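Reader: I would like a close look at one part of this protein. Please take a single residue as the starting point and work outwards from there.

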Amino acid sequence: NNNPQISNWMVDGLSIPEGEIVTVSPGRSYDLGIEIPDSSVEEYVYVNSEGDTETRTEEPYANWYATHGDVREEVTLYPYLESKWDAPKDEGPGIWWAVLRDRRGGLTWLQQPFVVEQ
(Lines give C-alpha, C1' and ligand atoms only; values in the text may rest on other atoms or scores of the structure.)
Protein backbone atom coordinates (compact mmCIF):
# COMPACT_ATOMS: atom_id res chain seq x y z
CA ASN A 1 0.00 0.00 0.00
CA ASN A 2 1.30 3.43 -0.99
CA ASN A 3 0.37 6.67 0.72
CA PRO A 4 -2.13 8.66 -1.33
CA GLN A 5 -1.04 12.00 -2.77
CA ILE A 6 -2.73 15.38 -3.11
CA SER A 7 -1.81 17.16 -6.33
CA ASN A 8 -3.28 20.58 -5.53
CA TRP A 9 -5.67 22.68 -3.50
CA MET A 10 -8.76 24.29 -5.03
CA VAL A 11 -11.02 27.13 -3.90
CA ASP A 12 -14.32 27.67 -5.72
CA GLY A 13 -13.10 25.34 -8.48
CA LEU A 14 -9.86 27.24 -9.13
CA SER A 15 -6.44 25.63 -8.60
CA ILE A 16 -4.27 27.46 -6.09
CA PRO A 17 -0.56 27.71 -6.99
CA GLU A 18 1.79 26.33 -4.34
CA GLY A 19 2.86 29.00 -1.86
CA GLU A 20 -0.01 31.38 -2.63
CA ILE A 21 -2.10 32.83 0.19
CA VAL A 22 -5.82 32.89 -0.64
CA THR A 23 -7.70 36.09 0.20
CA VAL A 24 -11.33 35.55 1.27
CA SER A 25 -14.14 37.92 2.26
CA PRO A 26 -15.60 37.93 5.79
CA GLY A 27 -18.77 35.86 6.24
CA ARG A 28 -18.78 34.45 2.68
CA SER A 29 -19.06 30.72 1.83
CA TYR A 30 -16.40 28.96 -0.27
CA ASP A 31 -15.99 25.53 -1.86
CA LEU A 32 -12.71 23.99 -0.69
CA GLY A 33 -11.36 21.05 -2.66
CA ILE A 34 -8.37 18.89 -3.36
CA GLU A 35 -7.36 16.99 -6.46
CA ILE A 36 -5.60 13.65 -6.30
CA PRO A 37 -3.75 11.74 -9.02
CA ASP A 38 -5.23 8.49 -10.34
CA SER A 39 -2.37 6.60 -8.66
CA SER A 40 -3.84 7.54 -5.26
CA VAL A 41 -6.80 5.20 -5.89
CA GLU A 42 -5.11 1.79 -5.83
CA GLU A 43 -6.53 -1.62 -6.62
CA TYR A 44 -5.61 -4.40 -4.21
CA VAL A 45 -6.30 -8.05 -3.58
CA TYR A 46 -8.51 -8.89 -0.60
CA VAL A 47 -9.08 -12.35 0.88
CA ASN A 48 -12.62 -12.62 2.27
CA SER A 49 -13.77 -14.80 5.20
CA GLU A 50 -14.39 -17.77 2.87
CA GLY A 51 -10.81 -17.61 1.60
CA ASP A 52 -11.79 -16.28 -1.83
CA THR A 53 -9.72 -13.48 -3.34
CA GLU A 54 -11.36 -10.30 -4.58
CA THR A 55 -9.93 -7.31 -6.40
CA ARG A 56 -11.01 -4.13 -4.64
CA THR A 57 -10.44 -0.44 -5.25
CA GLU A 58 -9.56 1.98 -2.47
CA GLU A 59 -12.04 4.69 -1.55
CA PRO A 60 -9.97 7.58 -0.20
CA TYR A 61 -11.63 10.11 2.06
CA ALA A 62 -10.67 13.57 3.25
CA ASN A 63 -11.04 15.18 6.66
CA TRP A 64 -11.31 18.99 6.54
CA TYR A 65 -10.02 21.43 9.16
CA ALA A 66 -9.67 25.20 9.49
CA THR A 67 -8.18 27.46 12.14
CA HIS A 68 -11.11 29.89 11.72
CA GLY A 69 -14.56 29.79 10.17
CA ASP A 70 -16.89 26.81 9.88
CA VAL A 71 -16.24 23.64 7.86
CA ARG A 72 -19.66 22.27 6.86
CA GLU A 73 -18.62 18.78 5.66
CA GLU A 74 -15.89 17.51 7.96
CA VAL A 75 -15.45 14.26 5.96
CA THR A 76 -15.87 13.74 2.21
CA LEU A 77 -15.50 10.51 0.22
CA TYR A 78 -13.76 10.11 -3.14
CA PRO A 79 -14.58 11.20 -5.83
CA TYR A 80 -16.28 14.11 -4.01
CA LEU A 81 -13.27 15.67 -2.32
CA GLU A 82 -14.84 19.06 -1.65
CA SER A 83 -16.24 20.77 1.42
CA LYS A 84 -18.12 24.01 2.05
CA TRP A 85 -16.45 26.48 4.38
CA ASP A 86 -17.92 29.66 5.85
CA ALA A 87 -15.38 32.42 6.42
CA PRO A 88 -15.34 34.08 9.84
CA LYS A 89 -16.63 37.62 10.18
CA ASP A 90 -13.34 38.83 11.68
CA GLU A 91 -10.34 39.70 9.52
CA GLY A 92 -7.02 37.91 9.90
CA PRO A 93 -4.87 34.98 8.75
CA GLY A 94 -5.70 31.29 8.96
CA ILE A 95 -4.92 27.85 7.58
CA TRP A 96 -7.03 25.11 5.99
CA TRP A 97 -5.98 21.45 6.13
CA ALA A 98 -7.13 18.45 4.15
CA VAL A 99 -6.08 15.04 5.51
CA LEU A 100 -6.42 12.26 2.93
CA ARG A 101 -6.68 8.61 4.03
CA ASP A 102 -7.03 5.50 1.86
CA ARG A 103 -8.67 3.13 4.44
CA ARG A 104 -5.64 0.80 4.44
CA GLY A 105 -3.29 2.87 6.58
CA GLY A 106 -2.10 5.29 3.89
CA LEU A 107 -2.30 8.97 4.71
CA THR A 108 -1.15 12.41 3.58
CA TRP A 109 -2.19 16.00 4.17
CA LEU A 110 -1.96 19.41 2.58
CA GLN A 111 -2.36 22.82 4.16
CA GLN A 112 -3.34 26.08 2.51
CA PRO A 113 -2.95 29.52 4.11
CA PHE A 114 -5.71 32.10 3.77
CA VAL A 115 -6.36 35.62 4.96
CA VAL A 116 -9.75 37.20 5.64
CA GLU A 117 -9.87 40.78 4.33
CA GLN A 118 -12.50 43.32 3.32
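In which strand is Val 71 found?

Author: Val 71 is found in strand E8. A word of caution comes before the details: this is a predicted model.

Start with the residue itself. Val 71 has a relative accessible area of 19%. Buried means under 20%, so Val 71 counts as buried. Now its surroundings. Leave out residues up to four places away in sequence, and Val 71 touches Trp 64, Tyr 65 and Ala 66. Val 71 also touches Ser 83, Lys 84 and Trp 85. Leu 110 is 39 residues away from Val 71 in sequence. In space, the two are 16 Å apart, C-alpha to C-alpha.

Next, the sheet around E8. Five strands form an open sheet, in the order E2-E1-E4-E10-E8. The pairing is antiparallel. Strand E8 (70-71) stands at one edge and strand E2 (14-16) at another; each has a single partner strand, so one side of each is left without a neighbour in the sheet. Strands of a sheet pair through backbone hydrogen bonds. 

Move further into that sheet. Strand E1 covers residues 8-11, and strand E4 covers residues 29-35. E1 and E4 pair in the antiparallel sense over four bridges. One bridge can be named: Met 10 has Gly 33 in E4 as its partner.

Go back towards E8 by way of strand E9 (75-77). Thr 76 has its place in E9. At 8% relative accessibility, Thr 76 counts as buried. The side chain of Thr 76 makes a polar contact with the side chain of Trp 64, at 2.9 Å. Trp 64 is also among the residues that Val 71 touches. Beyond its neighbours within four places in sequence, Thr 76 is in contact with Tyr 61, Ala 62, Trp 64, Leu 81 and Glu 82.

The loop after E9 holds a backbone feature. Pro 79 is found between E9 and strand E10 (82-86). The peptide bond from Tyr 78 to Pro 79 is cis, with omega near 10°. Most peptide bonds are trans.

Two further loops carry a backbone feature of another kind. Asp 12 lies in the loop between E1 and E2. Its phi is near 50°, a positive value in a residue other than glycine. Asp 12 is partly exposed, at 32% relative accessibility. Arg 103 is found in the loop between strand E11 (92-101) and strand E12 (107-116). Phi of Arg 103 is near 75°, again positive in a residue other than glycine. Arg 103 counts as exposed, at 51% relative accessibility. Most residues other than glycine have a negative phi.

Now a hairpin. Strand E5 (43-47) and strand E6 (residues 53-57) pair in the antiparallel sense over five bridges. Val 45 has Thr 55 in E6 as its bridge partner. Five residues lie between the two strands of this hairpin. There, Gly 51 takes a positive phi near 85°.

The loop before E5 deserves a look too. Ser 40 has its place there, between E4 and E5. Ser 40 counts as buried, at 2% relative accessibility. The side chain of Ser 40 reaches the backbone nitrogen of Gln 5 at 2.7 Å. Neighbours within four places in sequence aside, Ser 40 is in contact with Pro 4, Gln 5, Glu 58 and Pro 60.

Finally, step back to the whole protein. The protein has zero helices and 12 strands. Its C-alpha trace spans about 60 × 25 × 20 Å along the principal axes. Of the 118 residues, 37% are buried, and Val 71 belongs to the buried group. Take the contacts with a separation of 6 or more: residues 24 or more positions apart account for 57% of them. The accessible surface comes to about 7,200 Å². Carbon and sulfur atoms hold 45% of that surface. As for charge, there are 8 positive and 22 negative side chains. The centres of the two sets lie 5 Å apart.

To return to the starting point: Val 71 is a buried residue in strand E8, and E8 stands at an edge of the five-stranded open sheet.

Definitions and conventions
Residues are numbered from 1 along each chain as its sequence is written. This is a predicted model: local features need pLDDT of at least 70, side-chain atom pairs count only at pLDDT 80 or more; totals for chains, interfaces and linings use all residues. Side-chain values use heavy atoms; hydrogens and water are left out. Two strands pair if DSSP finds at least two bridges between them. Buried means under 20% relative accessible area, exposed over 50%, partly exposed in between (1.4 Å probe, protein chains only). Contact means heavy atoms within 4.5 Å. Accessible areas come from the Shrake-Rupley method with a 1.4 Å probe; for residues, only the protein chains shown count as cover. Lys and Arg count as positive and Asp and Glu as negative; His and the chain ends are not counted. The place of a charge is taken as NZ of Lys, CZ of Arg, CG of Asp or CD of Glu. A polar contact is a pair of N or O atoms within 3.5 Å; within protein, one must be able to donate a hydrogen and the other to accept it, and residues adjacent in sequence count only if both atoms are side-chain atoms.
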